[in-house]
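Trainee: Please take one part of this model and go through it closely: the surroundings of the ligands. After that, place it against the other local features that you would check.

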Amino acid sequence: MPAPQTPPATPPARAPLLDVANLSVSFASDRGRVKAIDDVSFTVQEGEILSIVGESGSGKTVTLLSLLGLNDPRTTFVDGSVLFRGQRILEMSDRQMRRIRGKDIGLISQDPMTALTPVYTIGWQIVEQIRAHERIAKAAARKRAIDLLAEVGFANPAEAVDRYPHQLSGGMRQRALIALALSCNPALLVADEPTTALDVTVQAQVLDLLLRLRDDFGSAIILITHDMGVVSEVADRVHVMYAGRIVERGTTDAVFADPQHPYTWGLLASIPPLHGARQARLRSIPGLPPTADGIPAGCGFAPRCRFAFDACAARPPDRRGDSHSAMCFLDPSDRERLRSEMLERERPA
Ligand SMILES: Nc1ncnc2c1ncn2[C@@H]1O[C@H](COP(=O)(O)OP(=O)(O)OP(=O)(O)O)[C@@H](O)[C@H]1O
Ligand SMILES: [Mg+2]
């Protein structure tokens, strides 16, 4: 007879929608394998907006493409596990993955030309995507495509629906791609710099649309952006990437109010103030970001960090599971003082 089971004292936490564990990615190069992502783990809950920020080359796009299995398997080596609704997606067949992509997971990629097919009109592509996942008449799907194009800011959507990608400007292509990604109300939208190519009014419109997707359909969103203003406006949580690692993670409120990593201090200091006099130019973090030569064994930011000391030659501890944590050897009780000193010293005269 099976032993009676004792109920757990506290109900188990709800399983995340997406659970990325120990993701490492390297590329084949003339010098052998070069690591671009080093042991990255994170989760996304249903309906939450997680923002990933970090300067160019920090590994944001590689992380997203790898967790969706979209890298070239001949030159890319991916380690780790990715669970979507409890299913391992990296091990899925192409057919299974295609069924999930588009319907359950929508991708707005950084380069719209690679995501749109040049030989079909954008309307055709949106209608096909809807009809691949839903039983719906062609005319109704076309009507939905036109409505979506209107929502992403096309002035004349009934005409735009019959255009080919090459007949659209870069900003229009980006918006067509957003319409395509939203067409099936995905449970998870992965958006890589969705608003960077757009002008300010359309940016605001697109952000509104993303928020509505979350509010109306409970969709979760991974939002990659350089724009810390956008992050503070829409994200529930923020992960800061530097040199292929997540160096700080926390709720948006915690990271903005009390940033823990010296790299995040620099990122936040480079945001122009909302009020008061504008600085003559944005402050930037001194030094160059790491190159594709790979990720150093120790802290990747140490060469640019004014607070680096001997310990930083080793990999900093990552207190995973905390609601707010940073990969940094500095004593947490010193950080606030060091940050104010840094801001004071760098204040423009
Ligand atoms: N296919 C590839 N082969 C070799 N190296 C690559 C490949 N794709 C990306 N990399 C390298 O991986 C690192 C991370 O690139 P990634 O595109 O993820 O940066 P990113 O954070 O998205 O930057 P950006 O903000 O400019 O989009 C870079 O050093 C890049 O040169
Ligand atoms: Mg990128």
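Mentor: A residue is near a molecule or strand if one of its heavy atoms lies within 4 Å of it. By that rule 13 residues surround ligand 1, and those that come nearest are Ser56, Gly57, Lys60, Thr61 and Gln110.

The model is a predicted one: local features need pLDDT of at least 70 and side-chain atom pairs count only at pLDDT 80 or more, while totals for chains, interfaces and linings use all residues. Residues are numbered from 1 along each chain as its sequence is written, chains are lettered from A and ligands numbered from 1 in the order in which they are written, and side-chain values use heavy atoms, with hydrogens and water left out.

Next come the polar contacts of ligand 1, a polar contact being a pair of N or O atoms within 3.5 Å (within protein, one must be able to donate a hydrogen and the other to accept it, and residues adjacent in sequence count only if both atoms are side-chain atoms). Gly57 has a polar backbone atom 2.8 Å from an oxygen atom of ligand 1. For Val62, a polar backbone atom is 2.9 Å from an oxygen atom of ligand 1. His226 takes part through its side chain, where an N or O atom is 3.3 Å from an oxygen atom of the ligand.

Two of the residues that come nearest ligand 1, Thr61 and Gln110, also serve the metal. The magnesium ion (ligand 2) has as its protein donors OG1 of Thr61 and OE1 of Gln110, at 1.9 to 2.3 Å. Thr61 belongs to helix H1 (residues 60–67) and Gln110 to the loop between strand E6 (105–108) and helix H3 (112–115), so the pair ties together parts that are 49 residues apart in sequence. Donors here are N, O and S atoms within 2.8 Å of the metal (3.2 Å for Na, K and Ca), and water is not among the atoms, so sites may look incomplete. Helices (H or I, at least four residues) and strands (E, at least two) are DSSP runs, numbered from the N terminus.

How exposed are the two donors? Thr61 is partly exposed at a relative accessible area of 24%, and Gln110 is also partly exposed, at 43%. The classes are buried under 20% relative accessible area, exposed over 50% and partly exposed in between (1.4 Å probe, protein chains only).

Now for the empty space. On a 1 Å grid over the protein atoms alone, a cavity is a set of points where a 1.4 Å probe fits but cannot get out, and a pocket is an open set with protein on both sides within 12 Å along at least five of seven lines; lining residues have an atom within 4 Å of a point. Grid points are joined across faces, edges and corners, and a volume is the space filled by probe spheres set on the points.

The largest pocket has a volume of about 640 Å³. Its lining counts 22 residues, with Arg98, Arg101, Gly102, Gln129 and Leu180 nearest the centre. E6 and H3 each give at least two lining residues, as do helix H2 (94–100), helix H4 (122–133) and helix H7 (170–182). The top contributor is H4, with 6 residues. By class, the pocket lining has 10 nonpolar, 7 polar and 5 charged residues, where Ala, Val, Leu, Ile, Met, Phe, Trp, Tyr, Cys and Pro are nonpolar, Asp, Glu, Lys and Arg are charged, and the others, Gly among them, are polar.

There are 5 cavities of 30 Å³ or more, and the largest has a volume of about 90 Å³. Among the 14 residues lining the largest cavity, Pro262, Cys299, Cys305, Cys312 and Cys328 lie nearest its centre. That lining is 13 nonpolar and 1 polar, with no charged residue.

Two backbone angles deserve a check. Glu193, in the loop between strand E7 (188–192) and helix H8 (200–217), has a positive phi of about 50° without being a glycine; it is buried at 7%. Ala243, likewise not a glycine, has a positive phi near 45°. Ala243 sits in the loop between strand E9 (237–242) and strand E10 (245–251) and is buried at 9%.

One polar contact within the protein completes the list. Ser219, in the loop between H8 and strand E8 (220–224), is buried at 0% relative accessibility. A polar atom of the Ser219 side chain lies 2.7 Å from the backbone oxygen of Pro186.
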